[in-house]
Amino acid sequence: MPLIRYHHGMSSQTQASPKPTKPIEANQSADFCIVGGGIIGKACALGLAQLGYSVIQIAPDLEKNQALMPNQFGQRIYALAPSTKTLLSELNVWDALDHQRIQVVRDMHIFGDRGQANDRLHFSAFEAGRPELAWITEADLLELTLDQAIRFHRQIRNINTSVDDIHIEKDTKPTLTLDSGEQISTHLIIAADGARSPLRSTIGIAVHEHGYDQTAVVANFSCSYPHLQTAYQWFLPDGDILAMLPLPKQQVSMVWSTSPKNANHLMQLRSETWPNLLQEQVGGSIHKTLGNLQLQSTPVSFPLKRIKAQSLIGPDYDPKVVLLGDAAHVIHPLAGQGLNLGLRDVASLLQVIKNKEEFRAIDDRILLRRYERQREGDTSSLLWITDRLKKLFGTSNPLEKQIRNWGLGFVNRSHIIKRQLIERALGE
Ligand SMILES: Cc1cc2nc3c(=O)[nH]c(=O)nc-3n(C[C@H](O)[C@H](O)[C@H](O)COP(=O)(O)OP(=O)(O)OC[C@H]3O[C@@H](n4cnc5c(N)ncnc54)[C@H](O)[C@@H]3O)c2cc1C
């Protein structure tokens with residue numbers, strides 16, 4: 001992704017190419033301009049349009065074709081928390097999803113790495129007094145359904161390209177120049193442009209970032225035993241984490257977080273090799289639980305890292321850009337929460353805009369600070385919990401290994417801690 005050029009009103013300098021600032025005559029204008037066409041950007045565009053605002057959405061992959069195959073599931077599979085269901089219901093999208101392609105999760109089993117009977121944690125919807133713990137579905141289904149809803153909104157204009165240049169001057173509307181040369185003026189720019197967020201770096205918002213030295217390999221399998229609407233996660237002795245999430249049609253989605261070297265090896269495996277390889281893992285536990293597993297999709301891999309933006313709004317001298325989703329934070333997928341957290345950013349921004357005082361403009365710094373403050377606790381605590389779990393299960397220290405396995409059993413016997421963990425995972 002090329003660096004976005006940045007012209008600002010603090011001086012006549014630009015970050016990437018020196019050009020004097022001058023007023024821009026935009027071809028198009030809208031209340032909000034959303035950069036990024038992932039699930040976060042689309043959900044935000046829809047929500048703002050439903051509040052009555054005009055929105056321009058820009059991304060190079062807005063018109064990608066997400067055809068859904070009848071008996072096959074997409075490569076990106078997500079566990080959705082109830083907070084996500086609430087937002088999608090408010091956007092009138094939840095009921096429009098094809099529920100034949102969504103798997104309800106009623107139980108979750110987490111296993112320690114010693115293979116002992118007590119080193120396990122079991123969450124159950126029944127015990128928690130709820131109909132379900134989560135839902136598993138494809139990114140493609142969510143995107144397709146959001147696209148359909150967006151098509152009904154005349155206030156949303158989609159532009160299928162990248163941003164080339166951004167111009168922010170104090171007390172004037174910011175302007176974006178697109179790769180096509182088109183210029184857009186807006187009140188507020190929403191950066192939903194993903195983990196590498198070119199907009200975030202262009203306006204100079206710093207991040208805390210560290211790599212986990214792990215890569216997630218993701219693939220779908222059919223299983224010969226019914227998965228019983230249960231999600232499984234195994235912590236392996238070498239620090240790997242292997243999750244099997246239930247899908248409809250007796251399939252499961254594997255997320256295997258492992259060393260980059262092993263991920264590279266897994267990515268090269270022939271499909272016939274996978275069943276034996278999985279049978280050998282965790283003392284045959286996967287095989288005993290799910291039976292024979294046959295590969296149903298081409299494996300894909302994602303390097304894993306943790307990112308937290310130091311601020312959710314910028315630039316400091318006159319905030320006109322708001323960060324949402326992976327542009328604001330990236331977490332390890334062991335808890336399956338990155339998208340859910342990002343959609344809670346969307347819900348929070350919509351709520352701040354909806355409840356704003358009449359005299360405030362939508363780019364009022366006080367509103368933007370409200371959004372930033374609302375998101376701080378949720379984001380920091382989730383990043384902290386996933387980070388600690390990752391470190392705890394990645395350690396090779398024998399004492400820490402003992403403690404973490406004993407801890408699983410201890411938490412399993414404590415209804416209060418379990419309930420709190422469930423509430424956290426459900427986004428409450
Ligand atoms: C292996 C794995 C498993 C996961 N499992 C789960 C799970 O079970 N549950 C869960 O909640 N989360 C999960 N996540 C996290 C989830 O994938 C992310 O949090 C989510 O995809 C972030 O969405 P986003 O819209 O913010 O970013 P993205 O999906 O990355 O979208 C970014 C968009 O910005 C666009 N863009 C970039 N640069 C520009 C530019 N200059 N101009 C215009 N557009 C631009 C891109 O083209 C794209 O459209 C998982 C992550 C991984 C790696």
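Is the crossing of H1 and H9 right-handed or left-handed? Keep that in mind while you set up the view. The model on screen is predicted.

**Stop 1: the ligand**

Select the ligand and the residues around it. The shell holds 34 residues, and Gly38, Gly194, Gly325, Gly338 and Leu339 come nearest. Now colour the elements that give two or more residues to this shell: helix H1 (39–50), strand S4 (77–80), strand S13 (207–223) and helix H9 (338–354). H9 gives the largest share, 4 residues.

Next, colour the shell by residue class. You should find 19 nonpolar, 12 polar and 3 charged residues.

Then zoom out and colour two domains. Domain 1 is 5–65 + 142–208 + 306–386. Domain 2 is 77–139 + 212–304 + 396–425. Both give residues to the shell, so the ligand lies between them.

**Stop 2: H1 and H9**

Keep H1 and H9 on screen and hide the rest. Two packed helices are described by the angle between their axes and the distance between the axes. Here the angle is about 20° and the axes are 10 Å apart. H1 and H9 are therefore roughly parallel to each other. Back to the opening question: their crossing is right-handed.

Show the side chains where they meet. On H1, pick Ile39, Ile40, Ala43, Cys44 and Gly47. On H9, pick Leu339, Gly342, Leu343, Val346, Leu349 and Leu350. This contact has 9 nonpolar residues, 2 polar and no charged.

**Stop 3: H1 and H4**

Leave H1 in place and add helix H4, residues 139–151. The axes of H1 and H4 come within 10 Å and cross at roughly 25°. That angle makes H1 roughly parallel to H4. What is the hand of the crossing as H1 passes H4? It is left-handed.

Select the contact residues. H1 brings Ile39, Lys42, Ala43, Ala45 and Leu46. H4 brings Ala139, Leu142, Glu143, Leu146, Asp147, Ala149 and Ile150. Colour by class again: 9 residues in the contact of H1 with H4 are nonpolar, none is polar and 3 are charged.

**Stop 4: H2 and H9**

Return to H9 and add helix H2, residues 82–90. The axes of H2 and H9 come within 9 Å and cross at roughly 40°. Is H2 oblique or roughly parallel to H9? Angles under 35 degrees count as roughly parallel. The angle here makes H2 oblique to H9. H2 passes H9 in a left-handed crossing.

For the contact, select Ser83, Thr84 and Leu87 on H2. On H9, select Asn340, Leu343, Arg344, Val346 and Ala347. By class, the contact of H2 with H9 has 4 nonpolar residues, 3 polar and 1 charged.

**Stop 5: two backbone details**

Switch to a backbone view for the last stop. Most residues other than glycine have a negative phi, and most peptide bonds are trans. Two places depart from this pattern.

Go to Gly314 and Pro315. A cis peptide bond joins them, with omega about -5°. Pro315 sits in the loop between strand S19 (313–314) and strand S20 (321–323).

Now centre on Gln229. Where is Gln229 found? Look in the loop between S13 and strand S14 (230–235). The phi of Gln229 is near 55°, a positive value in a residue other than glycine.

Key
Residues numbered from 1 in each chain as written. Predicted model: local features only at pLDDT ≥ 70, side-chain atom pairs only at ≥ 80, totals over all residues. Near = placed C-beta within 6 Å. Nonpolar A, V, L, I, M, F, W, Y, C, P; charged D, E, K, R; others polar. Domains from an automatic or database assignment. Axes fitted to C-alpha atoms, helices over the stretch in contact; angles between N-to-C directions. Parallel < 35°, antiparallel > 145°, perpendicular 65-115°, else oblique. Left-handed = near helix turned anticlockwise from the far one by under 90°. Contact = placed C-beta atoms within 7 Å.
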